[in-house]
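Subject: Handing over the structure

Hi there,

Here is the structure I promised to pass on to you. Have a look at it, and then read on for what turned up.

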Amino acid sequence: MELILVNESKLKVMLTEEDLEDFALKAEELDYSNTETKRLFWDILSRAKHSVGFNTDGMRVLVQLFPSRAGGCEMYITKLGIGCTEQRESGDSEQPQLHYKPSHRTDAGTVGPGAFGFDRMGRMLTVCHRLRSIGYGGKSAAYLGDDRRYYLFLEGLDTTGYLPLDEYSFITEYGTRENLEALRRFLSEHGKPICQTGAVEQLGVLSAF
């Protein structure tokens, strides 16, 4: 089990198949309604509190899961805010919200496209490279605007609302979310295409360094 503190409100947990076997679980069977998953989850929170200082006492949390091909999974735990301050041993504390989200490889394209802007070409290339390396399979396009910024359209990432804290959350470390329709109108008059189809696949092989 590997615990990675992303920031004060988000934790990444990497579990191997062997880690799950210790709790008699499989990645596809994780469900907060069963005792084994609860035991695993509270074990993770206890370790996170003492090893990396990720304290969720009295807070509601959102948990997202991504099964791996090797039989383990990646888990993202995000603090949502104050829940119930009573101890969970009393049985009255609010249960964490456990949301199972399937791998992006099976649901790319089920959500409308999103758009991201980048100050430098290198940052967009880095994002394309990382997306390509994790198997992103949605449609993508890249443009250069007259404002000297670079723009990337990605199918399956709706950025009009909450961007899930999943394998795609790293994108906002390099660029900013953009209003899709406003950006389309801007680029229709003040932009030119770099790669209108397969941008991630084609640009992802270029070096950003």
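To begin with a small puzzle: is Trp42 buried, partly exposed or exposed? Trp42 turns out to be partly exposed, with a relative accessible area of 23%. Buried would require a value under 20%. Please keep in mind throughout that this is a predicted model.

Now for the overall picture. The protein has 209 residues, of which 41% count as buried. Its secondary structure comprises six helices and ten strands. If you take the contacts between residues at least 6 apart in sequence, 69% of them join residues at least 24 apart. About 11400 Å² of the protein is exposed, and carbon and sulfur atoms supply 47% of that area.

Next, the interior. The largest nonpolar core is made up of 21 residues, and Val13, Leu15, Leu40, Ile44, Met75 and Ile77 have the most contacts inside it. Two or more residues each come from strand 2 (10–15), helix 2 (35–51), strand 3 (59–67) and strand 4 (73–82). Helix 2 gives the largest share, with five residues. Met75 is a good place to start looking: setting aside neighbours within four places in sequence, Met75 is in contact with Leu11, Lys12, Val13, Leu15, Ile44, Val63, Gln64 and Leu65. There is also a second, separate core of 20 residues, which includes Phe116, Val127, Phe170 and Leu203.

The aromatic rings deserve a look too. The count comes to three aromatic pairs. One of them joins Phe41 and Trp42 in a tilted arrangement, 5.7 Å centre to centre with 55° between the planes. Phe41 counts as buried, at 4% relative accessibility, while its partner Trp42 is partly exposed at 23%.

Another pair, Tyr151 and Phe186, is edge-to-face, with 6.4 Å centre to centre and 70° between the planes. Tyr151 belongs to strand 8 (residues 150–154) and Phe186 to helix 5 (residues 180–190), so this pair ties together parts that are 35 residues apart in sequence. Here Tyr151 is buried, with a relative accessible area of 3%, and Phe186 is partly exposed, with 28%.

Finally, two charged side chains sit over rings. Lys79 lies over the face of Phe54, 4.8 Å from the ring centre. Arg130 lies over the face of Phe170, at 4.0 Å from the ring centre, and Phe170 is one of the residues in the second core.

Happy exploring, and best wishes!

Conventions. Residues are numbered from 1 along each chain as its sequence is written. This is a predicted model: local features need pLDDT of at least 70, side-chain atom pairs count only at pLDDT 80 or more; totals for chains, interfaces and linings use all residues. Side-chain values use heavy atoms; hydrogens and water are left out. Rings of Phe, Tyr and Trp (its six-membered ring) pair if their centres lie within 6.5 Å; planes under 30 degrees apart count as stacked, over 60 as edge-to-face and the rest as tilted. Buried means under 20% relative accessible area, exposed over 50%, partly exposed in between (1.4 Å probe, protein chains only). Helices (H or I, at least four residues) and strands (E, at least two) are DSSP runs, numbered from the N terminus. A charge sits over a ring if NZ of Lys or CZ of Arg is within 6 Å of the ring centre and within 35 degrees of the ring normal. Contact means heavy atoms within 4.5 Å. Accessible areas come from the Shrake-Rupley method with a 1.4 Å probe; for residues, only the protein chains shown count as cover. A nonpolar core is a set of buried Ala, Val, Leu, Ile, Met, Phe, Trp, Tyr and Cys residues joined through side-chain atoms within 4.5 Å.
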